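Biologist: Could you zoom in on one charged pair for me and then walk outward from there to the rest of the assembly? I'd like the numbers along with the picture.

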Amino acid sequence: MKDIREDIAWAKINQDVLKSLENPRKLYWWILFGAIAMLGIAVGCEVYQYNVGMGVANMDNPHMWGLYIATFIFWIGMSHSGTLLSAILHLMHADWRKPIYRFAEAMTTFSLLTAGLFVAVHIGRVWQIYYALPYPNDRGLWPNFQSPLLWDAMAIFTYLSSSILFLYVGMIPDLAICRDRIHAGWRKKLYTLLALGWEGTDRQWRNFRVTYLTIACFLIPLAVSVHSIVASDFGMSQAPGWHVTSFPPYFVAGALYSGCAAIITLFIILRYVFRFEEYMTLPILKKIVRLTFAIAMVWTYLNAVEFASVWYSHDEASKDVLIQKASGTYAPFWWAMIFCGSVVPLVLAFKRFQTNIPVLFAVSLLLNLGMWLERWMIVAPTFSHGIYPWAWDHDQWPSFVQWGMVFGSFGWFTLLFMVFCKVFPSVSMYEVKEMVYHRSLHLKKGKADEQGAH
Amino acid sequence: MSVSNLLENWSQFRHAHPVDDKPHDPYKWAMSIDLDTCSGCNACSVACYAENNLPVVGKEKYAHGQVMHWMRIEHYWDENLGEEGGSEFPDQGAQFLPMMCQQCEAAPCETVCPVGATNHTADGLNSQIYNRCIGSRYCSANCPYKVRYFNWYDYPSTDDVWPAEMTQQLNPDVTVRGKGVMEKCTFCIQRLHAAKVTAKNEGRIVREGEVQVACQQACPTNAISFGNLLDPEARVHKQWKAQQVELDKDKQLKDEKEGGTELRGYRILESMRPYPSVMYLERVRESAI
Amino acid sequence: MMDSGFDRRDFLKVMGWSGAAVALSGCGNTSIEDGKETVAPYVEAADYVIPGIGVYYNSSCAQCDAGCSINGRVREGRVLKLEGNPASAINNGRMCGLGQAGVQHHYNPDRVREPLLRNGDKGETITWDKAYELIAEKLSSVDGEEIAFVSGGVSGHLKVLLGNYLSSFGCKNHFVYEALAPGVVRAANKKSYGVEMPRYNIDKAKVVLSFGADFLGSWISPVHFSQQYAQFRKGTNGQRGTLIQVESKMTLTGANADRWVHLRPGTEGILALGIINALGTAKGDIAAAVAGYDRAFVSKETGVPPGQIDKIAALLKLRSPSLVLAGSAAEGYAHGSQNAEAINLLNYVLGNIGKTIEAAAAIPFPQMAPAKGNTAALKTLNDGLAAGKYKVLFNYAANPVFTAPGAMKFKGNMAKADFKVVFAHYFDETALQADLVLPLDSALEDWGTHVPEYMVEGAQINIQQPLMEKIHANTRGMGDILLALLKQRQADEYKNYEDYYAYLRAAMLQNKAALGGVDADDDTFWNETLMNGIVKLEGEATALSGKPNVAGLKLPTLMENDEEYPLHLIPSVNISLRDGRHSNQPWLQESPDPLTTIVWDSWVEIHPKKAAELHISEGDIVEITSKTGSIKTQAYLFPGIHPEAISIPIGQGHEALGRYAKGYGANPFEIMDAIFDEETGELAMHETRVKISKTGQKVIVVKDESAAGAKQIREKIAGRVSTDEVDLSKEV
Amino acid sequence: MHRFLRISILLTGLLAAVNIFAAESSQLVPMTEDSLGPLVEQPIEFPHDRHAGDADKGGMEINCMYCHTYARRSAVAGIPPLQKCIGCHQSIESVRETPRIKKLFEYWDAKKAIPWKKVHDLPDFVRFTHQRHIKRFNEQLNRPIQEVCGYCHGNVKEMTVARRSKALSMGWCASCHEKDHPVTAEGGTPIDGQAYWYGFQKPESSGEVLKAKGPNDCWHCHK
Amino acid sequence: MSKRHLLALFSNFDEAELVVQELRTTKIDGFNVNDDMVVKSAIEHPEVEEFLGEKPVYVQWFTLFGATMGGLLGFFLISGAQANFYAQLKGGKPIVPLPPNFVLTYEMFILGGVFITVLGFLICAGLPARRSPLYSANVSEDQIGILVKSDEIATDKLKEIFSKHQALEIQEEAGK
């Protein structure tokens with residue numbers, strides 16, 4: 001079965017995709033509504049916490065960090081597979097990525113934006129957060145460039161801005177199409193503005209190709225560096241369970257993992273909501289699923305490596321933390337993480353499930369849950385069972401404020417994402433055309449050879 | 001200009017602490033606590049509340065682990081008390097340990113603060129600048145002793161923390177911390193500052209006995225001694241010397257001696273290399289009974 | 001330092017120096033401001049008062065009766081912090097947490113501010129003059145015998161004034177009531193040594209054997225003993241002192257002992273005799289008296305293994321001089337005096353008298369010597385009230401309604417007196433029963449002199465002087481009140497004393513010579529006295545009597561086991577809350593109990609073994625029931641207690657007092673039986689038997705101790721070595 | 001092709017500029033230097049110029065520290081006690097009836113403190129000691145007192161009611177602490193055995209004079 | 001002498017290619033095939049480049065420059081900032097600790113690279129651009145456009161060539 005029909009007329013591609021900007025299915029509006037509602041909850045929580053103090057989140061000494069940081073990492077991780085699809089596969093000339101990389105890239109951008117929020121939410125004095133920015137001021141003070149948190153900020157800023165540029169540059173030809181096809185209203189103005197007067201001349205295409213390639217090359221090491229730096233927030237500290245050498249690769253794998261899972265989820269939603277059945281085809285889904293499975297196994301392996309190395313080492317403290325995770329207060333969540341992260345993906349190994357949309361949808365959600373738990377299980381247990389026994393505290397539980405904020409962040413992400421898909425073509429038209437074109441060419445060539453043989 | 005400053009003083013900017021050559025000069029504030037005389041009576045802790053404007057958080061917040069005692073008295077039972085092979089009763093009593101910020105020379109909290117709100121001062125203290133703090137709480141996450149306390153609430157405006165009358169007791173030399181900032185033991189910086197000013201006016205450095213920290217001054221058994229480690233006259237200097245505990249070691253030479261040593265000075269979690277400025281003297285127990 | 005021409009109270013005025021005064025929330029005013037805050041400078045300034053620089057005044061601590069001299073830091077007229085006065089031999093510049101909290105007593109938001117007269121169940125504000133008239137009027141209608149005056153331990157000029165006042169209408173019913181006074185030990189000492197309160201030289205002893213004397217925590221003069229203890233630990237030429245604590249419930253002192261010996265409640269005396277027996281050095285009647293107390297018997301009675309007894313005896317023999325102390329745990333029984341005497345006898349046998357136990361000097365002005373608080377007084381008072389003997393009741397510096405054993409029904413009896421005047425700092429339980437409540441100055445606002453009961457070197461008088469002006473305009477010092485009341489009766493005698501300050505000054509100057517200011521002129525003498533905060537005196541030597549008589553020394557063998565109430569109730573004294581009068585000082589509420597680290601609540605200590613029998617785990621709300629009544633509180637499994645006993649700390653469970661005390665914890669006095677020491681009539685606080693049962697509720701115990709359960713894990717945190725591994729002589 | 005060149009050169013310049021600027025920005029001093037703060041309404045409009053101003057301008061040339069007497073002894077300079085004003089004014093009949101002095105005596109008779117408004121009010125977390133600055137510049141460097149006060153308070157002797165005339169912001173303070181000031185000057189009280197050692201910036205002696213920077217340790221000025 | 005613009009649309013690349021070949025080979029005066037011809041297409045099509053012949057792309061030079069500047073800026077900004085007046089020791093580490101600075105330098109390197117590359121793209125591709133005189137929306141759908149600029153004399157010849165290859169449409173306009 002083919003990734004895509006070669007004989008789709010280019011004009012039809014334009015129509016279909018542009019249609020998605022006009023009239024999605026009802027479900028779209030329900031999702032949008034739900035997202036806003038969720039976001040509302042988070043806003044309420046934040047207002048409360050802002051006015052009363054961090055205490056209402058029910059953190060304490062030693063639990064200085066809570067779900068905020070965990071969810072922060074989760075969203076950062078989410079962003080990575082966008083880059084995987086759009087940049088790495090681009091370099092690989094895997095053209096099946098073409099119909100789906102656009103929304104993946106958008107996912108990258110928005111999950112980064114979501115992650116950014118958690119920094120603000122977590123900070124005790126968010127109104128002073130600008131102290132952390134390296135800007136010239138009359139105090140003559142600078143942030144502390146030694147702090148992994150600052151590396152984080154830097155890396156994420158770079159990653160976010162680069163991803164946005166990457167997304168935008170890749171979208172210019174499509175914006176031109178929109179400009180040409182849509183005839184009035186604010187959309188027209190918007191597209192005209194953003195298309196920058198693109199006309200698809202040979203010169204434009206030539207530079208476009210090189211630029212796109214270059215940025216892709218930059219994005220790959222960047223993406224890797226971003227999550228290894230997030231990993232160093234923990235790896236650089238002395239806390240048992242954090243001070244682990246295998247953290248950077250572990251985090252990166254985890255990131256790609258959760259990202260791919262998220263892509264499956266969104267793939268399924270978009271496919272239905274925007275009627276993209278012809279472009280986001282099952283064979284493509286199958287490819288992603290296999291990719292996901294592979295990464296899941298990598299993650300499982302790295303997980304095992306981490307536990308093993310802790311277990312084998314003489315670092316008693318880390319060992320205790322590990323035991324705590326598996327047997328202490330957090331045990332249910334920890335085992336849930338193992339289950340969702342390492343057992344559930346085995347489903348994906350079966351052909352019959354690789355294209356079974358309902359199953360995949362459920363699985364992808366479970367995987368995401370697992371990955372969120374993973375982040376939580378990295379952050380929390382170390383606090384409750386650290387180096388200093390007097391400061392142990394096994395039964396501090398995040399308050400509704402924390403949960404509300406986590407919950408709401410999903411609303412925020414969905415909101416941004418859904419609005420984006422409604423305003424911009426979430427399937428790259430020109431690239432689908434290329435895909436179709438090349439494949440048809442290939443086909444012709446094939447036919448020609450056959451005839452030649454006779 | 002700072003780039004030229006960078007190039008001129010490159011060697012200094014590259015200099016690390018405390019393992020490098022350069023000592024503190026003229027002050028290195030340090031402490032030593034004799035666990036044999038410490039009776040665990042809590043006087044030091046209360047004195048600290050009085051001196052440093054610590055809020056009383058109340059039962060509920062205490063239950064949430066949000067208490068603010070900069071100086072806490074820990075007590076420990078024998079490892080095997082109440083366990084198999086151990087005694088059912090604490091026949092040897094308890095062991096008390098006053099725990100406060102250890103003012104590490106290579107403090108894990110300092111490097112990780114995103115805004116540089118906590119630094120290593122020239123006097124070898126671990127400074128905490130409240131109004132620079134943005135409350136990322138990374139310092140506490142990375143503190144091995146967990147002696148940093150965070151203002152989870154805005155205590156000045158919380159009921160019954162400082163009713164109108166009690167605000168009059170607040171020490172004007174110490175800021176009252178608002179919500180969202182990290183705080184910790186400062187070795188009574190306000191007292192040190194006052195003493196240094198007096199000394200400077202007279203063109204000399206602070207002498208032994210001229211400045212006492214609140215906990216030390218209160219301690220009924222005189223278990224805490226505090227002073228300038230560089231001053232040969234200082235009791236704390238003598239004690240460190242007598243106990244052969246050296247500031248810039250992560251493993252004391254005396255401990256490598258054959259058959260151990262007859263000295264009881266040690267520093268907590270020394271092997272993690274924070275180079276704490278507080279030396280503890282082991283509790284002694286009679287062997288004849 | 002001060003020129004007397006200048007009215008002293010003037011510079012105590014709080015100066016509105018906003019600049020130097022703390023601005024709440026340091027992160028509030030975060031930018032440079034112009035013309036927002038105001039500065040109110042002095043109208044007249046003494047040249048030694050410099051804004052931004054602290055001025056220090058000596059005074060004396062009134063948080064307990066130990067008589068520590070304090071040194072208060074005053075900035076811009078506000079007292080900020082109390083330190084110990086280095087010149088005082090009692091505390092040598094040191095201070096306990098309780099004393100530190102004195103400022104919180106002073107600034108306490110729940111202090112009584114106006115004289116109040118009962119009107120139904122409300123109090124209405126009246127003027128002082130009105131109040132005085134009222135008292136005069138009430139007194140005129142009754143005769144001396146129908147008046148009772150309850151007070152805590154008083155001494156110095158206040159005691160003199162009080163005495164004069166009472167005698168002015170021929171009242172002899174002055175009940176000096178202290179819930180936690182070492183009454184039995186006084187009596188026993190009187191019998192054994194010939195003095196009630198000798199001087200203990202812990203620092204000179206090589207071995208201290210303490211029978212439940214919590215001298216590091218709450219016994220007699222803890223700050224002083226703590227210093228002696230430090231010296232004792234350092235030892236002389238490396239010979240470190242050894243502390244053995246014998247008790248049924250571990251006290252702070254017990255926690256610091258080299259060897260903590262737990263024995264069955266009430267058998268302290270038996271063990272003491274057992275040790276004498278084991279020493280085998282006693283002769284004559286003593287030997288005879290202890291003959292029966294052989295290892296096996298003693299060990300059976302006390303539950304202390306024979307080996308342990310031998311070890312102790314051996315050590316006492318080996319290291320001399322030693323010191324044996326009889327503490328509240330030993331005296332708290334119907335046979336408390338017997339216990340105490342037995343223990344004192346041990347001291348005699350060991351020959352410590354004269355070495356580690358010396359006669360303390362007595363104050364040369366007997367009228368100023370402290371009226372010693374005790375609990376026997378409470379009984380007489382209560383009986384009197386019950387019998388309706390007393391029409392008018394005065395109460396000062398005591399809270400009998402809170403601290404009287406439930407069995408006494410004191411609250412009800414008190415109601416029988418038809419006019420009750422309470423001089424109060426707070427609306428405590430007793431004040432709430434009063435008809436007239438008169439607000440007192442805090443110790444930091446008031447003048448006074450104190451004579452400590454336990455004299456350390458020579459004799460001394462502590463001067464108490466205001467550290468700042470009154471916070472509440474309408475409170476008065478007890479001295480001023482008494483003076484005013486006296487003027488009602490003997491106007492002309494006291495007419496030339498404008499106020500208590502004037503009286504005090506005059507009185508001191510009167511015996512200037514005796515107070516060591518022979519040829520100083522009045523002002524210099526007075527000012528120096530104030531500056532020092534203490535008047536040190538030679539004191540009158542007293543002598544220790546020789547040999548105690550052992551006749552009549554009879555110790556009840558093991559009290560039969562009560563089936564219904566199997567457990568002994570040990571009301572323990574919390575180091576910072578003491579008898580509960582300070583429970584409204586938040587620092588004390590939040591400073592954890594040293595042994596359990598529990599805050600803001602009561603708890604009942606149960607030995608894990610016993611708890612396992614009863615299926616009680618930490619945090620269970622249990623009901624403790626005695627013959628008298630029952631209370632509920634949380635359970636805490638504590639290894640440092642005898643399985644036959646449970647312990648509840650005193651000081652919590654207030655129904656009044658203030659926002660930081662009301663409604664926290666439970667009050668063990670409520671279930672205490674009224675059993676008294678046979679000899680002295682002191683309340684036997686440890687005699688109450690109880691049973692304990694689960695209520696089914698469970699709470700999380702609020703404590704500082706962590707999930708690690710006070711164990712060191714992995715890393716060495718609090719190190720410990722035994723004496724043969726260290727050489728202390730090398731130390732500084 | 002030329003366009004690329006032009007653009008590239010332009011970019012180089014731009015980036016270089018940004019680079020230098022950013023790296024240097026720790027040197028930036030606030031723009032508000034020497035701009036007067038708001039005029040504050042005081043209970044009595046005290047004429048500094050009459051008291052401290054130069055004689056030729058009709059001033060009395062009274063030493064700042066005659067009234068603000070605590071400055072050399074304490075962290076706060078202090079507002080003189082009413083006593084002090086009266087001390088002189090009860091014997092100065094000439095101005096006895098002027099409205100301001102009348103007001104002054106009203107306060108005195110009522111034994112009431114004058115509620116002055118603070119003009120130089122630093123944030124609560126700042127620890128500034130007048131004493132040290134007086135010692136350092138007036139005594140050690142032997143600078144005239146009016147100049148020394150002027151470093152932070154501006155030219156008060158020409159104001160009536162004092163107005164804030166310096167930024168008093170952190171950067172502003174630092175801009176002075178950063179300078180190398182001579183440790184002792186001709187005629188100043190010599191200081192010996194006093195180590196000036198802030199961070200690792202040892203005093204650098206250029207020729208004869210020993211020079212040192214101000215403290216740079218955060219805790220020195222922040223409490 | 002005024003120029004004229006012609007835009008011819010073709011249904012597929014083969015047509016367009018032939019046209020270009022012909023324009024190359026046939027000598028038309030008043031029309032310079034290298035400067036005056038632009039091919040517009042809906043997708044990025046390698047063959048277009050083939051038959052148009054290699055043209056240089058300069059973007060990567062911007063990239064190189066941007067990345068280097070970014071890196072340098074990063075390192076000096078950070079180290080310079082660390083060496084400011086308040087320089088304080090932290091955690092016993094040097095005041096200018098190289099490892100962290102390298103991490104940040106690395107990020108700045110990428111940031112600079114990406115930004116300047118995009119800038120370079122805009123410059124090299126001449127974006128944002130004014131709309132060219134002749135444009136057909138079909139180009140962004142599925143047709144290939146060839147836009148030529150020539151003197152009036154050449155227009156007829158060009159039209160002829162276009163129509164010979166079944167140009168779907170020929171737009172003409174008098175450019176000023």
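**One salt bridge and what lies beyond**

Modeller: Let's start with Lys102(D) and Glu97(D), whose side chains meet in a salt bridge at 4.0 Å, N to O. Bear in mind that this is a predicted model. The rule asks for a nitrogen within 4 Å of a carboxyl oxygen. How exposed are the two partners? Lys102(D) has 39% relative accessibility, so it counts as partly exposed. Glu97(D) comes out at 53% and therefore counts as exposed. In the same chain, Arg96(D) has its charged end over the ring of Phe105(D), 3.5 Å from the centre.

Chain D has other spots to look at. Helix H6 of chain D, residues 130–140, has 9 of its 11 residues buried, so the rest of the structure largely encloses it. The buried set includes charged residue types, among them Arg132(D), Lys135(D) and Arg136(D), alongside Ile134(D) and Phe137(D). Just after this helix, Asn142(D) takes a positive phi of about 60 degrees. Pro38(D), by contrast, is found in the loop between helix H1 (2–24) and helix H2 (48–52) of chain D. Its relative accessible area is 44%, so Pro38(D) is partly exposed. Leaving out residues up to four places away in sequence, Pro38(D) touches Asp34(C) and Arg163(D). From Pro38(D) to Ser91(D) you go 53 residues in sequence and 34 Å in space, C-alpha to C-alpha.

Back to charges: over all chains there are 86 salt bridges. Opposite charges on side chains can pair when the charged atoms come close. Arg204(B) and Glu210(B) make one of these bridges, with their closest N and O atoms 2.6 Å apart. Arg204(B) counts as buried because its relative accessibility is 13%, while Glu210(B), at 34%, counts as partly exposed. In chain C, Lys379(C) bridges to Asp383(C) at 3.4 Å, N to O. Those two sit 4 residues apart in helix H14 (residues 376–386) of chain C, so about one helical turn separates them. Lys379(C) is at 33% relative accessibility and counts as partly exposed; Asp383(C), at 38%, is partly exposed too. Chain A goes beyond simple pairs: Arg5(A), Asp7(A), Lys12(A), Asp16(A), Lys19(A) and Glu278(A) are linked in a network of salt bridges.

Charged pairs also turn up between chains. Of the 9 pairs of chains in contact, chains B and C share the most contacts. That contact draws 93 residues from chain B and 106 residues from chain C. Together the two chains bury about 8,700 Å², with 57% of that area on carbon and sulfur atoms. On the chain B side, Lys59(B), Tyr62(B) and Ile289(B) supply 9% of the area buried against chain C, more than any other three residues. The rule finds 16 salt bridges across this interface. Asp36(B) and Arg240(C) meet in a salt bridge at 2.8 Å, N to O. Chains C and E, on the other hand, have no contact joining them, and their closest C-alpha atoms are 20 Å apart.

Now for the nonpolar side. The largest nonpolar core has 355 residues, and Leu97(B), Leu23(E) and Phe162(E) have the most contacts inside it. Helix H5 of chain A, residues 148–181, gives the most to this core, with 17 residues. Beyond its neighbours within four places in sequence, Leu23(E) contacts residues including Ile28(E), Phe31(E), Met37(E), Val148(E) and Phe162(E). A further core of 60 residues lies apart from it, with Phe149(C), Leu161(C), Met368(C) and Met508(C) among its members.

Last stop, the rings. A search of the whole structure turns up 92 aromatic pairs over all chains. Tyr28(A) and Phe274(A) have ring centres 5.7 Å apart and planes at 55 degrees, so this pair is tilted. The two are 246 residues apart: Tyr28(A) belongs to helix H2 (residues 26–52) of chain A, Phe274(A) to the loop between helix H8 (247–273) and helix H9 (282–312). Both Tyr28(A) and Phe274(A) are buried. There is also an aromatic cluster whose members include Trp65(A), Trp242(A), Trp299(A), Phe383(A) and, from chain B, Tyr138(B). And to close the loop with a charge, Arg352(A) lies over the face of Phe353(A), 5.5 Å from the ring centre.

Technical notes
Residues are numbered from 1 along each chain as its sequence is written. Chains are lettered from A and ligands numbered from 1 in the order in which they are written. This is a predicted model: local features need pLDDT of at least 70, side-chain atom pairs count only at pLDDT 80 or more; totals for chains, interfaces and linings use all residues. Side-chain values use heavy atoms; hydrogens and water are left out. Rings of Phe, Tyr and Trp (its six-membered ring) pair if their centres lie within 6.5 Å; planes under 30 degrees apart count as stacked, over 60 as edge-to-face and the rest as tilted. Buried means under 20% relative accessible area, exposed over 50%, partly exposed in between (1.4 Å probe, protein chains only). A charge sits over a ring if NZ of Lys or CZ of Arg is within 6 Å of the ring centre and within 35 degrees of the ring normal. A nonpolar core is a set of buried Ala, Val, Leu, Ile, Met, Phe, Trp, Tyr and Cys residues joined through side-chain atoms within 4.5 Å. Contact means heavy atoms within 4.5 Å. Buried area is the accessible area (1.4 Å probe) that two parts lose on being put together, summed over both.
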